[in-house]
Amino acid sequence: MRTSHRLYHTLISVFLLLATASVAHAGDPGNPYPASSSVSSQKAGSILVYNVYTSSITNFAAQNSRITLTNTSNAARANAHLFFVDGSTCSVADSYLCLTPNQTATMMASDLDPGITGYLFVVAVNDLGCPINFNYLIGDVYVKFPDGHATNLGAEAIAAQFSENTTCDANSTMATLTFDASGAPGSYNPLPRVLAIDNISDRVSGNNTLLIINRIGGNMATSAATIGTLFGILYDDTESPYSFSLSSGACQLRGTLSNNFPRTTPRFETVVPAGRSGWLKLWGDSAAAGIFGAVINSNPGVSANVFNGGRNLHKLTLNPTPTITIPVFPPSC
């Protein structure tokens, strides 16, 4: 009988050890995404860039944006300083959103910034309003325009590269963010310099491709930086290049790819004729320019070859020289 009891207890102990090991293995979350990895909509960061938001003043059903922001930290509260940048005038309106651990929030552009189209810049800050290392923010925006362009875009995440921001304190009124990955206080991942659209569909088949480019820079207390001049190359599907330039005094450039935008010789519909495709890349002429972008296709057709939707632009090269200045004051939440 004692042998039976000992065997029973031994089997129970083995079972518990195996069960504990199984649970530990099942709960293993893996390694954290490296903060040093390049800017991406597939990671968390201390800064988020939402490439576009829009809202009508009255017809919200046709033109609006649903913005989400999530704090993925299991333990820490998030203070998010939101900067809404008017894409046309580069004026900035700001507000705070504070999230408890693991909290997500949804906002409508029609409630926050009606009648404006632009981009949203979000910075994690402490209780003084100083930028901090808080690489736990993720988000996305579902945007719809009245002409039929609609898509969901992940927020581009930029991770902090510093441990403590010793250059900002209770006496600070402004803080400078640098994107050089140096590890110095206020340093973040480098911003994109060259962007690319990997595939462009022809217009003859009914495709209406909206290109959006944002210049990230300036002073968020006064005005965001303007785009200036962009240089680009459009390629057909036989590798032939056609250069172009675009100029804008705004901080967000929006246009539908056509014979007039961008202007190439020969024109766009000759480079990308019916049933064919192309791709392009572009960059700013300023060495200090950091840009993000997105593309959204709208096609009213109903055939099997019709596809609608959008995505953020690919980043081909990075730029470690841009800076941004933000105002510093305590969160209101």
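Cys90 sits buried in this predicted model, at just 1% relative accessibility, under the 20% cut-off for that label. Cys251 is buried too, and its relative accessible area comes to 0%. Other cysteines are paired up: the count comes to 2 disulfides. Here's a run through those links, the overall build, one of the sheets and a few backbone oddities.

**Disulfide Cys98–Cys333**

- Cys98 and Cys333 form a disulfide, with 1.9 Å between their sulfur atoms.
- Cys98 belongs to strand β4, while Cys333 is in the segment after β22 (323-327), so this pair ties together parts that lie 235 residues apart in sequence.
- Turn about the S-S bond of Cys98 and Cys333 and you get a torsion of about 60°, so this disulfide is right-handed.
- The two ends differ in cover: Cys98 is buried, with a relative accessible area of 16%, whereas Cys333 is partly exposed at 46%.
- Why does Cys98 count as buried? Its 16% falls under the 20% cut-off, so the label applies.

**Disulfide Cys130–Cys168**

- Cys130 and Cys168 form a disulfide as well, and their sulfur atoms are 2.0 Å apart.
- This link is left-handed, with -75° about the S-S bond.
- It connects distant parts of the chain: Cys130 is in the loop between β6 (117-125) and β7 (137-144), Cys168 is in the loop between β9 and β10 (174-178), and the two are 38 residues apart.
- Cys130 is buried at 1% relative accessibility, and Cys168 is buried at 9%.
- If you number the bonded cysteines in sequence order, the pairing reads 1-4, 2-3.
- As a reminder, a disulfide is a covalent bond between the sulfur atoms of two cysteines.

**Overall build**

- What does the secondary structure of the protein chain come to? You'll find 3 helices and 22 strands.
- The C-alpha atoms fill a box of roughly 95 × 60 × 40 Å, taken along the principal axes.
- Of the 333 residues in the chain, 47% are buried.
- Take the contacts between residues at least 6 apart in sequence: 77% of them join residues at least 24 apart.
- The chain exposes about 15,400 Å², and carbon and sulfur atoms supply 54% of that area.

**A five-stranded sheet**

- One open sheet has 5 strands in the order β4-β3-β6-β1-β9, with antiparallel pairing.
- Its edges are β4 and β9 (156-158); each has a single partner strand, so one side of each is left without a neighbour in the sheet.
- On average, neighbouring strands of this sheet are turned by 25° against each other, direction ignored.
- At the β9 edge, strand β1 (residues 47-54) runs antiparallel to β9, and 3 bridges join the two.
- Val49 is the residue that stands opposite Glu156 in β9.
- β4 also turns up in the disulfide story, as the strand that holds Cys98.
- In general, strands of a sheet pair through backbone hydrogen bonds, either parallel or antiparallel.

**Cis prolines**

- Which way does the peptide bond from Phe261 to Pro262 go, cis or trans? It is cis, with omega near -10°.
- Thr265 and Pro266 are also joined by a cis peptide bond, and omega there is about 0°.
- Pro262 lies in the loop between β17 (252-256) and α3 (268-271), and Pro266 lies in the loop between β17 and α3 as well.

**Positive phi values**

- Most residues other than glycine have a negative phi, and most peptide bonds are trans.
- Asn102 has a positive phi, near 65°, and is not a glycine.
- You'll find Asn102 in the loop between β4 (92-99) and β5 (104-108), where it counts as partly exposed at 48% relative accessibility.
- Glu239 likewise has a positive phi, about 80°, although it is not a glycine.
- Glu239 is placed in the loop between β15 (228-236) and β16 (241-248).
- Is Glu239 buried or exposed? At 68% relative accessibility, Glu239 is over the 50% cut-off, so it counts as exposed.

Terms used:
Residues numbered from 1 in each chain as written. Predicted model: local features only at pLDDT ≥ 70, side-chain atom pairs only at ≥ 80, totals over all residues. Heavy atoms only, no water. Helix = DSSP H or I, 4+ residues; strand = E, 2+ residues; numbered from the N terminus. Buried < 20%, exposed > 50% of the residue type's maximum accessible area, 1.4 Å probe, protein only. Pairing = 2+ DSSP bridges. Axes fitted to C-alpha atoms, helices over the stretch in contact; angles between N-to-C directions. Disulfide = S-S within 2.5 Å. Contact = heavy atoms within 4.5 Å. Areas by Shrake-Rupley, 256 points an atom, 1.4 Å probe, with all protein chains shown as cover.
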